[in-house]
Every structure is written in C-alpha cells, then in structure tokens.
Amino acid sequence: MTTPSWDELLLHNRDTLAGLYTEVPPLEDVVLRSVHFNVYGPTLVCRLELPRFPDLAPDDWRAAGCDRFELQLHFVLGPQEDLRMQGMPSGRTVTVRHERSGGLGQRLLRVSIDGEGCAIRFSCYEELQAAHLNAYNSSDGDASSAPRRFAGRVDQRLYETLPPPTRMPFYDSL
C-alpha cells in the first residue's frame with residue numbers, strides 16, 4: 001500500500017489548499033521557519049514556506065505583490081516517544097518526507113525533516129492539519145514582520161502580520 005501525499009492526509013484546510021494550486025507541491029526545498037511544540041497536547045507544529053507561490057492565488061494577494069506562501073503544518077505525535085531533533089530550523093531549506101509505519105489498525109507515519117544543520121525525526125498519526133495559510137511579499141522586509149494576506153477570514157481580520165511566538169492561540173490552534 002502506498003503512502004498518500006502530504007496534502008491527501010490533511011484533515012483541516014485540504015480544500016482551501018487545493019483551491020490555491022492546480023497541483024500542490026511536495027514538501028521538498030521548503031523553508032522551515034519555526035518548530036513549535038503545542039502545550040495542550042502532543043502536537044508538533046512546523047511553520048513552512050512552500051517552494052512555489054500558488055498559481056491560483058486570490059486577486060488581492062496578487063495585487064499586494066505577494067510572492068511567498070506559508071502555512072503551519074500540525075503533526076499529532078504518535079504513541080511512541082521517538083521525537084529527535086538536532087540543530088535549529090531558523091529559515092533553512094528542508095525536505096519533509098513521510099511513510100506509513102503502523103501495523104494493522106494503526107494509522108501512523110514516520111516523518112523525517114532534513115536540511116543543512118537541522119534534522120527532525122518522529123512518528124505521528126496520519127491525520128495532518130494545515131493552519132494559518134497566508135501569503136506575503138518577500139520585498140516587504142523580514143519574513144516574520146512582512147504584512148500578510150491570510151486565506152482564512154478570521155485570521156485576516158485578526159492579523160496584519162504574524163503574531164509573536166508568545167501569542168499562544170495563534171501557534172496552538174487551527
């Protein structure tokens with residue numbers, strides 16, 4: 001049995017993401033902006049910049065000159081205590097790979113995130129979640145402080161830029 005692509009495993013925002021791309025890119029040469037451990041449960045959240053801008057981006061994103069697309073990818077960690085992380089992500093290009101690892105009745109993935117100076121390994125459930133999909137213009141300054149256009153209406157009303165990492169509701173919720 002083959003392992004589905006990462007976007008086929010999404011439980012949250014699959015349709016939104018599919019509406020932005022004619023073909024969702026694989027998680028190769030993505031920029032890993034941050035890694036966050038959710039305080040409410042066994043969840044690892046990676047803030048990723050996808051390798052190419054959506055070809056079906058909304059008109060307001062294009063009018064704002066947006067050329068970069070980010071999202072948070074939530075991994076619900078599996079029952080094993082096998083999380084290993086070496087190095088710091090801090091804006092490095094990585095490749096995220098996954099393969100099925102559970103036996104009968106277990107829907108688990110083995111995930112590896114590899115890039116220069118950064119390696120992360122863990123097991124998680126097959127139900128991935130994408131959150132806080134947004135676009136920005138790379139010429140507007142630092143990727144953390146650039147004005148954002150969010151795909152979600154609530155996010156668009158609440159945030160003009162990415163909130164600081166201390167704003168837990170943004171980083172711990174969908």
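Is Glu126 buried or exposed in this predicted model? Select Glu126 to begin. At 4% relative accessibility, Glu126 counts as buried, because the cut-off for buried is under 20% relative accessible area.

**Stop 1: Glu126 and its neighbours**

With Glu126 still selected, show the backbone on either side. Glu126 sits in the loop that joins strand S8 (118-125) to strand S9 (128-136). Next, add the side chain of Arg100. The side chains of Glu126 and Arg100 make a polar contact at 2.6 Å. To fill in the surroundings, add Leu9, Arg107, Leu108 and Leu109; together with Arg100, these are the residues that Glu126 touches once residues up to four places away in sequence are set aside.

**Stop 2: the cysteines**

Select Cys46 and Cys118 and display their sulfur atoms. How many disulfides does a search of the whole structure find? The search finds zero. Cys46 is in no disulfide, and the nearest cysteine sulfur to its own is that of Cys118, 8.5 Å away. Taken from the other end, Cys118 is likewise in no disulfide, with the sulfur of Cys46 as its nearest at 8.5 Å. A disulfide needs a pair of cysteine sulfur atoms within 2.5 Å, so the pair does not qualify. Now colour by accessibility. Cys46 has a relative accessible area of 1% and is buried. Cys118 is at 3% relative accessibility and also counts as buried.

**Stop 3: the largest pocket**

Select Ser5, Trp6, Pro26, Leu27 and His98. What do these residues have to do with the largest pocket? The pocket has a volume of about 190 Å³. Its lining is made up of 14 residues, and the five selected are the closest to its centre. By class, the lining holds seven nonpolar, four polar and three charged residues.

**Stop 4: Ser173**

Move to Ser173, which lies in the segment after helix H4 (168-172). Ser173 is partly exposed, with a relative accessible area of 31%; that value falls between the cut-offs, under 20% for buried and over 50% for exposed. Which residues does Ser173 touch, not counting residues up to four places away in sequence? Add Gln72, His74, Ala131 and His132 to the selection to see them. Finally, select Arg84 and draw a distance between the C-alpha atoms of Arg84 and Ser173. The two residues are 89 residues apart along the chain, and their C-alpha atoms are separated by 23 Å.

Key. Residues are numbered from 1 along each chain as its sequence is written. This is a predicted model: local features need pLDDT of at least 70, side-chain atom pairs count only at pLDDT 80 or more; totals for chains, interfaces and linings use all residues. Side-chain values use heavy atoms; hydrogens and water are left out. On a 1 Å grid over the protein atoms alone, a cavity is a set of points where a 1.4 Å probe fits but cannot get out, and a pocket is an open set with protein on both sides within 12 Å along at least five of seven lines; lining residues have an atom within 4 Å of a point. Grid points are joined across faces, edges and corners, and a volume is the space filled by probe spheres set on the points. Ala, Val, Leu, Ile, Met, Phe, Trp, Tyr, Cys and Pro count as nonpolar, Asp, Glu, Lys and Arg as charged, and the others, Gly among them, as polar. Helices (H or I, at least four residues) and strands (E, at least two) are DSSP runs, numbered from the N terminus. Buried means under 20% relative accessible area, exposed over 50%, partly exposed in between (1.4 Å probe, protein chains only). A polar contact is a pair of N or O atoms within 3.5 Å; within protein, one must be able to donate a hydrogen and the other to accept it, and residues adjacent in sequence count only if both atoms are side-chain atoms. Contact means heavy atoms within 4.5 Å.
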